[in-house]
Amino acid sequence: MWQRLFTLIRKEMQALLRSPQSRRLLIAPVLLQLLLFPFAATLEVKNSTLAVFNQDGGAASIELVQRLAATQAFPQVLMLHSQQEMQQVIDRQQALLAISLPQDLSRKLAAGQSVAAQAIIDGRRSNSAQIAYGYALQVIQQFAAERSHQLPPARLVVQNLYNPNLEYRWFVLPSLVAIITTIGCLMVTALSLAREREEGTFEQLLVSPLTPGYIMAGKALPGMLVALVQGCIIAAAAVWVYHVPFSGTVGLLIVSMLCYGLSLVGFGLLISALSSNQQQAFLGSFAFMSPAVILSGYMAPVENMPLPLRLVSAVDPLSHFIIIVKGIFLKGYGFAEAWPQLWPLLAIAASTLALAYLMFLRRSH
Amino acid sequence: MNPAMTASTDAIAIRLQAVSHTFAGRPALCELSADIRRGVITGLVGPDGAGKTTLMRLMAGLLKASAGSICVEGLDPVSAGDTLRLQLGYMPQKFGLYEDLTVLENLRLYADLRGVTGQARADSFERLLAFTDLARFTDRLAGKLSGGMKQKLGLACTLLGSPRILLLDEPCVGVDPISRRELWRMVSSLADGGMAVLWSTSYLDEAELCGEVLLMHEGRLQYSGSPQALMDSMQGRSMLLQDIVGNRRQVLQRALRSPAVIDGALQGHAVRLVLREAGVLPDLASLQAGPDASLQRVKPRLEDAFIDLLGGGPGGDSPLTEHMPPVRLPAGVDAEAVIVAEQLTRRFGDFVATDHVDFRIRRGEIFGLLGPNGAGKSTTFKMMCGLLPVSSGEARVMGLDLKKSASQARQQIGYMAQKFALYGNLSVAQNLGFFAGIYGLSGASQRAAVADMVRVFGLQPFLAMNAGELPLGFKQRLALSCALMHQPPLLFLDEPTSGVDPVSRREFWSHINGLVDKGVTVMVTTHFMDEAEYCDRIGLVYRGRMIAAGTPDALKTMVASAELPDPSMEDAFIALVERDDRQREAT
């Protein structure tokens with residue numbers, strides 16, 4: 001029993017590790033992404049432009065603008081002169097955030113009244129823009145607090161919990177743990193089974209006493225193993241090379257990686273059950289990967305998506321896993337906090353694996 | 001210039017001088033010199049991996065030779081490629097037909113590519129469609145054509161623009177004997193019209209028909225000239241041992257031990273032998289072939305000569321015989337019916353691929369399934385080894401129903417696929433370990449089984465090599481050893497020796513004969529007519545039904561007639577298929 005499963009797993013690992021090419025194929029994307037991703041995929045709001053339409057012109061408003069310009073986040077400030085211009089700079093992506101200060105700002109502040117300022121943010125770059133908005137808000141609130149002569153009874157201090165300085169690497173690297181394991185795991189399951197079909201070794205397995213369950217397990221476990229190893233490498237690099245804080249437990253990280261691996265393997269086997277050669281399997285994996293990453297909340301917050309996409313995102317294993325990994329890294333997640341995301345992963349795994357098994361039976365019979 | 005000289009060079013379409021080619025340091029062709037003349041079909045003959053395709057690609061200007069010179073119509077095929085493209089038709093093994101286009105659309109596409117337009121196009125379409133007999137099928141998708149028709153369409157596309165030289169790379173692979181004969185007739189008529197034709201093949205019986213042959217083995221030219229002259233040189237050395245009483249396999253084994261014999265094969269109930277020297281016969285008594293046995297001279301075949309050129313066939317003794325324990329049937333299994341098909345049927349939608357087929361195979365018997373492509377022999381075969389579920393009827397092996405106890409039944413089966421399904425990127429040792437493992441051998445018993453196979457098949461020097469890089473003959477040995485690792489009582493072989501050189505094929509069958517003597521039962525599908533001769537019984541499958549079954553000799557007797565008193569296996573095959581067609585039309 002176990003010995004046959006072990007034979008299958010050993011064969012898969014030998015095939016993966018034997019030739020220098022396949023070894024490189026496993027490790028090169030990990031290294032490359034580790035080196036490039038944190039720099040290229042910048043979600044940080046350094047170097048972005050703030051546009052200000054100052055209708056007031058009083059001393060207070062000028063000081064506020066200067067304070068905004070002094071933050072690291074907005075090295076460039078565009079001064080605007082009309083409401084239309086505000087619209088235009090956002091449309092043309094000249095500014096990430098545009099703030100309009102009302103005519104009576106200085107007067108009302110002097111009188112100790114509350115003031116409403118308008119902010120327009122670029123929803124196309126919603127993750128970055130929201131972070132920028134956060135910065136600007138902080139500055140304005142602090143300014144307001146200082147200006148109001150009588151101290152407010154209680155002051156609201158916005159602090160970004162878990163990532164107080166809004167370091168973008170803290171956000172990117174845990175997500176990268178999730179994204180890269182996806183590639184490795186799909187490659188091992190979807191492509192290798194298609195390859196066996198092409199080379200005829202699949203038939204050789206089918207005439208052996210192995211049952212379809214064994215053959216599937218023989219593909220699933222190596223896939224999970226690869227996902228686990230790749231994920232651990234990136235997690236380790238995140239902690240020791242990029243100094244991302246790790247506030248959860250290693251055990252929980254590994255457990256959730258395995259759950260995620262299982263759900264991926266389900267998709268991988270489903271893709272391979274639907275495709276008859278490596279080319280189709282490759283396209284299938286790609287067709288799964290792109291939406292999985294885009295809808296995962298890595299690029300844009302899931303809450304900002306329309307309902308249909310939010311539903312798709314709910315069955316996207318990546319969206320759940322990203323929340324767990326970020327939680328384990330930054331929020332000190334324990335099992336109880338991770339469970340609301342873990343059970344969907346297991347549910348996805350159960351349904352895709354069951355579906356793949358049925359397809360497998362139908363195709364081999 | 002000497003007029004005789006020009007005449008002789010004019011007759012030569014392609015001249016090769018000391019051509020060598022290496023791929024990444026590995027020699028593929030070695031110092032090859034030959035002339036290819038107009039007006040005849042020149043056979044480029046040799047097993048897979050002999051260098052046939054490489055040579056054709058060199059002539060077509062698709063590769064540049066590492067050394068030596070090639071002259072096609074007096075020009076260098078690489079530098080004068082543009083000029084030669086219209087004079088040279090090259091049909092690669094898998095001709096690039098577009099399966100989603102119709103026959104006519106494919107022709108139009110290739111006409112556009114070759115610049116055949118206007119009236120010339122209309123004329124050549126008419127001529128080629130009539131020539132290939134495809135005029136009725138112009139609207140059919142190329143993907144829906146049979147193997148033979150696809151090759152005819154490929155040939156038609158190649159002939160657009162009236163080339164003077166035709167290079168055909170294994171045009172008969174996957175084509176049934178009837179279409180094969182038609183294709184041959186077409187190409188012969190082209191050669192008669194003065195075209196230079198190079199026809200590559202791994203079938204030596206096909207090569208016998210060529211006007212000239214280039215016999216290749218492992219990148220070297222073994223012989224060039226007329227096949228008849230080569231066969232004549234074997235005169236008096238080919239013998240048939242007839243009227244054998246007793247086990248003909250053991251008679252063959254004993255004959256091959258005799259120093260007077262260099263090669264031997266089964267042929268129906270008789271044994272065919274090739275002598276080392278004409279007139280020096282083996283001692284009949286020592287063959288123990290029975291009191292009536294007699295040796296008679298027969299016409300030599302090209303295969304006899306080829307094996308002679310390669311230094312003789314392998315011995316008849318398989319080390320497997322000592323290794324494999326005799327098969328003992330478990331209680332309750334009928335020795336007369338270890339493999340049974342009863343009203344076996346498989347439907348794919350409306351299409352009935354296998355239609356109520358019955359047979360039962362005895363312990364220690366070799367049963368062959370023979371039939372044209374798409375006739376249902378693979379479907380039947382796959383159902384018997386559990387690769388396809390049965391629509392209705394029953395398939396049983398060793399008393400086990402493949403529907404109910406598939407896993408147990410499969411443990412009884414050794415299976416060797418057509419293309420030697422091995423893990424090409426794993427080493428030989430890893431492959432052996434893997435196949436031992438999935439059949440449940442572990443630890444010491446696994447090591448012992450692997451070591452035995454390595455010893456029996458001489459795999460020691462290759463253990464660390466990737467299975468994909470093995471020479472074809474060794475790949476076959478490895479595939480067989482993987483299939484036999486768990487000492488199965490039943491062996492399923494799917495076209496086991498297609499493309500393998502005749503010496504390796506002999507060796508393969510000596511192993512199979514050894515296994516059969518131990519009581520292993522073998523079921524085999526084949527295209528090769530001489531492979532069919534090794535079978536004890538043959539089932540001829542056509543249009544999903546078994547139209548004839550019996551010993552090879554019995555099938556031949558069925559079609560023997562006044563004009564054809566001694567039909568070959570291929571004659572029998574064709575006659576029986578045509579007879580069935582006629583009966584079907586009559587009803």
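Visitor: In this predicted model, which strands form the open sheet with antiparallel pairing in chain B, and in what order?

Guide: A sheet is read by the order of its strands and by the sense of their pairing, and here 3 strands of chain B form an open sheet in the order E2-E1-E4, with antiparallel pairing. At its edges stand strand E2 (26–37) and strand E4 (67–72) of chain B, each of which pairs on one side only. Between neighbouring strands of this sheet the average turn is 15°, direction ignored.

Visitor: How many bridges does the pairing of strand E1 with E2 of chain B extend over?

Guide: Strand E1 (residues 12–23) of chain B pairs with E2(B) over 8 bridges, in the antiparallel sense. To find the register in the model, one may take B:His21, whose bridge partner in E2(B) is B:Leu29. Helix H2 (residues 52–59) of chain B packs on this sheet, where it touches E1, E2 and E4 of chain B, and its direction makes about 120° with that of E1(B).

Visitor: What is the strand order of the 4-stranded open sheet in chain A, and what is the sense of its pairing?

Guide: In chain A, 4 strands form an open sheet in the order E2-E1-E3-E4, and the pairing is mixed. The edge strands, each pairing on one side only, are E2 and strand E4 (118–121) of chain A. Neighbouring strands of this sheet are turned against each other by 20° on average, again with direction ignored.

Visitor: How does strand E1 of chain A run relative to strand E2 of chain A, parallel or antiparallel?

Guide: Strand E1 (residues 49–54) of chain A and strand E2 (residues 76–80) of chain A run parallel and are joined by 5 bridges. Between these strands the chain passes through helix H3 (residues 59–70) of chain A, and the resulting β-α-β crossover from E1(A) to E2(A) is right-handed. Strand E1(A) is also joined by 5 bridges to strand E3 (residues 97–101) of chain A, and these two run parallel as well.

Visitor: Which residues of E2(A) and E3(A) stand opposite A:Val52 and A:Phe53?

Guide: A:Val52 stands opposite A:Met79 in E2(A), while A:Phe53 has A:Ser100 as its bridge partner in E3(A). As a general idea for reading such a strand, side chains in a regular strand alternate between the two faces of the sheet.

Visitor: Which strands of chain A does helix H3 lie across?

Guide: Helix H3(A) lies across E1, E2 and E3 of chain A and runs at about 175° to E1(A). Helix H4 (residues 83–91) of chain A also packs on the sheet, touching E1, E2, E3 and E4 of chain A, with its direction at about 170° to that of E1(A).

Visitor: Into which domains is chain A divided?

Guide: A domain may be assembled from separate segments, and chain A is divided into domain 1 (2–41 + 167–364) and domain 2 (49–147). The centres of domain 1 of chain A and domain 2 of chain A, taken over C-alpha atoms, are separated by 43 Å.

Visitor: What does the UniProt record annotate in chain A?

Guide: The unreviewed UniProt entry gives the annotation "transmembrane region" to residues 170–194, 224–244, 250–274, 281–300 and 342–361 of chain A. An annotated span can be set beside the modelled secondary structure: residues 281–300 of chain A are 70% helix and 0% strand, with end C-alpha atoms 28 Å apart. Residues 342–361 of chain A are 100% helix and 0% strand, and their end C-alpha atoms lie 28 Å apart.

Visitor: Into which domains is chain B divided?

Guide: Chain B is divided into domain 1 (3–230), domain 2 (233–317) and domain 3 (364–386 + 488–586). The centres of domain 2 of chain B and domain 3 of chain B, taken over C-alpha atoms, are 22 Å apart, and their contact takes 14 residues from domain 2 of chain B and 15 residues from domain 3 of chain B.

Visitor: How many residues of chain B and of chain A are in contact?

Guide: An interface can be read from the residues on each side, and here 23 residues of chain B are in contact with 21 residues of chain A. Helix H15 (406–411), strand E19 (413–416) and helix H16 (428–438) of chain B each supply at least two residues of the chain B side, and H16(B) gives the most, with 4 residues. The residues on this side of chain B divide into 12 nonpolar, 9 polar and 2 charged.

Conventions
Residues numbered from 1 in each chain as written. Chains lettered and ligands numbered in written order. Predicted model: local features only at pLDDT ≥ 70, side-chain atom pairs only at ≥ 80, totals over all residues. Pairing = 2+ DSSP bridges. Right-handed = clockwise from strand over helix to strand, strands pointing away. Domains from an automatic or database assignment. Axes fitted to C-alpha atoms, helices over the stretch in contact; angles between N-to-C directions. Contact = placed C-beta atoms within 7 Å. UniProt positions renumbered as here; feature names shortened; annotations may be inferred. Nonpolar A, V, L, I, M, F, W, Y, C, P; charged D, E, K, R; others polar.
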